[in-house]
There are 2 protein chains.
Amino acid sequence: MKDPDISEVAKQSGVPASTLRYYEEKGLIASNGRRGLKRTFDPGVFEKLGLIALGRAAGFTLDEIAAMMSPDGPRIDRKRLIEKADELDEKIRQLTAMRDGLRHASACRAPSHMECPSFRRILRAATVGRIAAPASAAPGK
Amino acid sequence: MKDPDISEVAKQSGVPASTLRYYEEKGLIASNGRRGLKRTFDPGVFEKLGLIALGRAAGFTLDEIAAMMSPDGPRIDRKRLIEKADELDEKIRQLTAMRDGLRHASACRAPSHMECPSFRRILRAATVGRIAAPASAAPGK
DNA sequence: GCTTGACCTCAAGCTGGCTTGAAGTGGCAA
DNA sequence: TTGCCACTTCAAGCCAGCTTGAGGTCAAGC
């Protein structure tokens, strides 16, 4: 059973070939050779791609993920995981507050939002920076 | 009582002068004149900056925020607010799942994470894209 | 043997939201 | 009056995570 080449990996994982090359360049994955021009990968690459997706979803940067992926299986620092979980807690708290504020503002029948005490309260919170701006809205695809 | 100039606004709002200029360029705020070289602003600029911070926190882009800020007070499309709230709900759901996964992974005593069924389950979820990668980790300043 | 076309490399571009640097200008104090 | 210095403008740079484009290579099919 031949190792999958880059296009097979791309098709099965949904990760574009350009991204796979990029990940290889970054040291996140490694090809185990070539068939002609084409990179081939160990089937274990699918698991790694899953871990990468997971790490990204958790808010780790690619560099952080690379640092956590040791040659033989992922060796993940449990302390870092807890830190990330705490960060997520904080972010969830903020987003929840935002969401409630938005819902209220949409339902509020004050003539203008500025006359609604609840809106003003959340506005004040944003003004003093108690609600952080997100990384960015929705950049990538 | 004189209108505040750019450095006064920067100091009181915590928003850097370069950002204020950038916002003006983008049409998010407007200066009402100059004192010498320095821009001066209507005191209402503080409220606007609050609204901008609020919108950013809610995940609106600066362009979206600009579109919502009409000359006389913010006129916010309630439907957009509800849409954003729904988006936030989804994001909160994902982040919560991630957080739980991280907490579990940090506590799990399986010899390696790959041998933990719970970890594998969340990994599979990430692999098939049911958990989206966030915009980006923590870019800005 | 020759074409086709998917892959290759390398460099540059894109997105959003700013920041930074160079070069210019104006008000105010000495 | 002269010098300082914070402001100004404009263009370019930065971050992450890719994507895109130009130009090259290789295996397979006719």
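## Strand C: the phosphate contacts

A polar side-chain atom of Arg21(A) sits 2.2 Å from a phosphate oxygen of DNA strand C, in a model that is predicted rather than experimental. That pair is a polar contact, meaning N or O atoms within 3.5 Å of each other; within protein, one must be able to donate a hydrogen and the other to accept it, and residues adjacent in sequence count only if both atoms are side-chain atoms. Chain B joins in too: Thr19(B) puts a polar side-chain atom 2.4 Å from a phosphate oxygen of DNA strand C, and Leu62(B) uses a polar backbone atom, at 3.4 Å from a phosphate oxygen.

Which elements give two or more residues to the surface near DNA strand C? They are α1 (6-13) and β2 (38-40) of chain A, plus α2 (17-26) of chain B. Helices (H or I, at least four residues) and strands (E, at least two) are DSSP runs here, numbered from the N terminus. The largest share, four residues, is from α2(B).

## Strand C: who is around it

DNA strand C has 17 residues around it, with Ser7(A), Arg21(A), Arg39(A), Ser18(B) and Thr19(B) the closest. A residue is near a strand when one of its heavy atoms lies within 4 Å of it. Look at the DNA side, and 81% of the strand C atoms within 4 Å of the protein belong to sugar or phosphate, with the rest in bases.

By residue type, that surface splits into seven nonpolar, five polar and five charged. For that split, Ala, Val, Leu, Ile, Met, Phe, Trp, Tyr, Cys and Pro are nonpolar, Asp, Glu, Lys and Arg are charged, and the others, Gly among them, are polar.

## Over to strand D

Around DNA strand D there are 17 residues, and Ser18(A), Thr19(A), Ser7(B), Arg21(B) and Arg39(B) come nearest. Sugar and phosphate make up 81% of the strand D atoms that come within 4 Å of the protein. The surface near strand D holds seven nonpolar, five polar and five charged residues, and α2(A) gives the largest share, four residues.

Phosphate oxygens of DNA strand D are met by a side-chain N or O atom of Arg39(B) at 2.5 Å, one of Tyr23(A) at 2.9 Å, and a polar backbone atom of Leu62(A) at 3.3 Å.

## Reading the numbers

Residues count from 1 along each chain as its sequence is written, while chains are lettered from A and ligands numbered from 1 in the order in which they are written. Local features need pLDDT of at least 70 and side-chain atom pairs 80 or more, though totals for chains, interfaces and linings use all residues, and side-chain values use heavy atoms, leaving out hydrogens and water.
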